[in-house]
Amino acid sequence: MSTTSTAKDSALSKPAGIISISLGKKYFVAVSGAVMLLYVVGHLLGNLQIFIGQDQINTYAEWLHSLGPILWAVRGVLIILAILHIWFGIQLKLENVAARPIAYTHRNWVQASIASRTMIWSGLLIFAFIAYHLAQFTLHWTNESYNQLKDPLGRMDVYSMVIFGFKNYLISGFYILMMFLLAVHLSHGAESMFQSLGWNNDLWEPRLHKFAWILAVVLFLGYISIPISIMLGAIQLPPGVTL
Ligand code: HEM
């Protein structure tokens, strides 16, 4: 092969390589987002069992804990997915900005939704929230006396722990704000996930847009129903439970 043709080949293959790496990142962000979305749906279904009562949610938590290494593997995979999702998301955003020949005009800026413009910030804040959330409810670092909470069957009393957590208005307010950010992030994230996977076309685009919004609203209402019910006293501590 001549030197000229090698140089020509590399010049041609470079952009193709960059494009395929970008596509790979796009798919990764979409698929990792889908996996985390599944977790968020499943976690909500688990958490909503608090409305059935102490025995129900504690039985569920006991079952989760009985998974032992599997539970830690799931937690580990989720954390790695979240870190890579943010990392590639930021890279894609920077690549998009760099590839843009001229800055968006005022009209385009207004047209891009707030959700799409704030994806990086909402994503980073949600990550910070998850770190706090794990420290609070999984590791009990924010309140070590949670470790002493046991139900009448001697199991970890997740029911009372969540109530003690959300009886604090500041913590409940923080959660509600973060659930709102999560909903905003998901409303755009779910839609762009469909786009990255090539599932949207003229027929499906409006439907997927509507679906992404409904999903975000349902998740938001589902999650905030817990701190709100606790603050309103609709879910109460079992008699005699103190910290
Ligand atoms: C009202 C809202 C929420 C409540 C009451 C809640 C409750 C809990 C509880 C009790 C645990 C500890 C489970 C255990 O070890 O027994 C937990 C863990 C966890 N939560 Fe949440 N959660 C809420 C919202 C969220 C949201 C929105 C996310 C994700 C964006 C999330 C992600 C996680 C993760 C990744 C874990 C660690 C995995 C696990 O232990 O299952 N949570 N949550």
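**Exercise 1. Identify a polar contact between N47 and the ligand, then add those made by Y39 and H65.**

Solution. In this predicted model, an N or O atom in the side chain of N47 lies 3.3 Å from a nitrogen atom of the ligand. Next, consider the oxygen atoms of the ligand: a polar side-chain atom of H65 is 2.8 Å from one such atom, and for Y39 the corresponding distance to an oxygen atom is 3.2 Å.

**Exercise 2. Determine which elements give two or more residues to the shell around the ligand, and describe the shell.**

Solution. The elements are α1, α6, α7 (158-166), α8 (169-196) and α9 (204-231). Of these, α6 provides the largest share, 6 residues. By class, the shell comprises 13 nonpolar, 5 polar and 1 charged residues. Among the 19 residues around the ligand, those that come nearest are H43, N47, H65, R75 and H133.

**Exercise 3. Establish which residues coordinate the iron atom of the ligand, and why the arrangement is octahedral.**

Solution. First, the coordinating atoms from the chain are NE2 of H43 and NE2 of H133, at 1.9 to 2.0 Å. The two residues are 90 residues apart, H43 in helix α1 (residues 3-47) and H133 in helix α6 (residues 119-138), and the pair thus links distant parts of the chain. Second, 6 donor atoms surround the iron atom and subtend angles of 86 to 180 degrees; therefore the arrangement is octahedral.

**Exercise 4. Decide whether H133 and N58 are buried or exposed.**

Solution. Buried requires under 20% relative accessible area. H133 has 18% and is therefore buried. N58, in helix α2 (residues 54-66), has 0% and is therefore also buried. Leaving aside neighbours within four places in sequence, N58 is in contact with D151, R155, M156, D157, V158 and Y159.

Technical notes: Residues numbered from 1 in each chain as written. Predicted model: local features only at pLDDT ≥ 70, side-chain atom pairs only at ≥ 80, totals over all residues. Heavy atoms only, no water. Donors = N, O, S within 2.8 Å, 3.2 Å for Na, K, Ca; no water. Tetrahedral: all angles 85-135°; square planar, octahedral: opposite > 155°, others 65-115°. Helix = DSSP H or I, 4+ residues; strand = E, 2+ residues; numbered from the N terminus. Buried < 20%, exposed > 50% of the residue type's maximum accessible area, 1.4 Å probe, protein only. Contact = heavy atoms within 4.5 Å. Near = heavy atom within 4 Å. Polar contact = N/O pair within 3.5 Å; in protein donor to acceptor, adjacent residues only side chain to side chain. Nonpolar A, V, L, I, M, F, W, Y, C, P; charged D, E, K, R; others polar.
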